Amino acid sequence: MTAIVEVSDEQILRALLAGEDVSNRAVSRRFGISDRRVDEVRKRVGLPPYVRGRRPIYSSWKDAFTAQSEPVEGGHRRWTGTRERCGTPVVRYRANIQTAYRVAFRLHHGREPEGKVSQSCEIPGCVAGGHQQDRVMREAAKAGDAA
């Protein structure tokens, strides 16, 4: 005859919080209870559901951009991350990919760029947000030069 072991919600919660990213299955096996019971406790206390599979390396576009670039003299920024085959620096965040130029623009200016993003400085490959221009900025500069 098998003994039935009583497991409190507090024990389950402690087990869920014991490590980083503990699965329901790991806790259920530890205590000999159902995955469903662990999931109910997780939901009741407001813990996010366990997600299987690979975890994103970065927590935001900003984290991904910052981790793959470095500031250099003169307010410029050098790309140290991955590049496309043609040499364009790219930022990967979760399942998305964008050029480092677009990400830098958005982080610096607080809006999505309109049209193509191009550099306004003379340093090849600079990814500093303040050194990126979109179509709107180029047209405004052109109109200012004409006046």
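## Overall architecture and the R44–D9 contact

Of the 147 residues in the protein, 29% are buried. The structure described here is a predicted model.

Six helices and six strands constitute the secondary structure of the protein. Read from the N terminus, the order of these elements is α-α-α-α-β-β-β-β-α-β-β-α. The protein is more spread out than a compact globule, because its radius of gyration is 25 Å, well over the 15 Å that the globule rule gives for 147 residues. Along the principal axes, the C-alpha atoms occupy a box of roughly 90 × 30 × 25 Å.

Among the contacts in the protein with a separation of 6 or more, 39% are accounted for by residues 24 or more positions apart. The accessible surface amounts to about 10300 Å², and carbon and sulfur atoms contribute 51% of this area. The side chains include 26 positive and 18 negative ones, with the centres of the two sets 5 Å apart.

One residue illustrates the local detail. R44 belongs to helix 3, which spans residues 35-44. With a relative accessible area of 54%, R44 counts as exposed, since the cut-off for exposed residues is over 50%. How is R44 placed with respect to D9, 35 residues apart along the chain? The two distances for this pair are listed below.

| Pair | Atoms compared | Distance |
|---|---|---|
| R44 and D9 | C-alpha atoms | 9.7 Å |
| R44 and D9 | side chains, polar contact | 2.4 Å |

The side chains of R44 and D9 thus make a polar contact, while their C-alpha atoms are separated by 9.7 Å.

Key. Residues numbered from 1 in each chain as written. Predicted model: local features only at pLDDT ≥ 70, side-chain atom pairs only at ≥ 80, totals over all residues. Heavy atoms only, no water. Helix = DSSP H or I, 4+ residues; strand = E, 2+ residues; numbered from the N terminus. Rg over C-alpha atoms; globule rule 2.2 N^0.38 Å. Buried < 20%, exposed > 50% of the residue type's maximum accessible area, 1.4 Å probe, protein only. Contact = heavy atoms within 4.5 Å. Areas by Shrake-Rupley, 256 points an atom, 1.4 Å probe, with all protein chains shown as cover. Lys, Arg positive; Asp, Glu negative; His and termini not counted. Charge placed at Lys NZ, Arg CZ, Asp CG, Glu CD. Polar contact = N/O pair within 3.5 Å; in protein donor to acceptor, adjacent residues only side chain to side chain.
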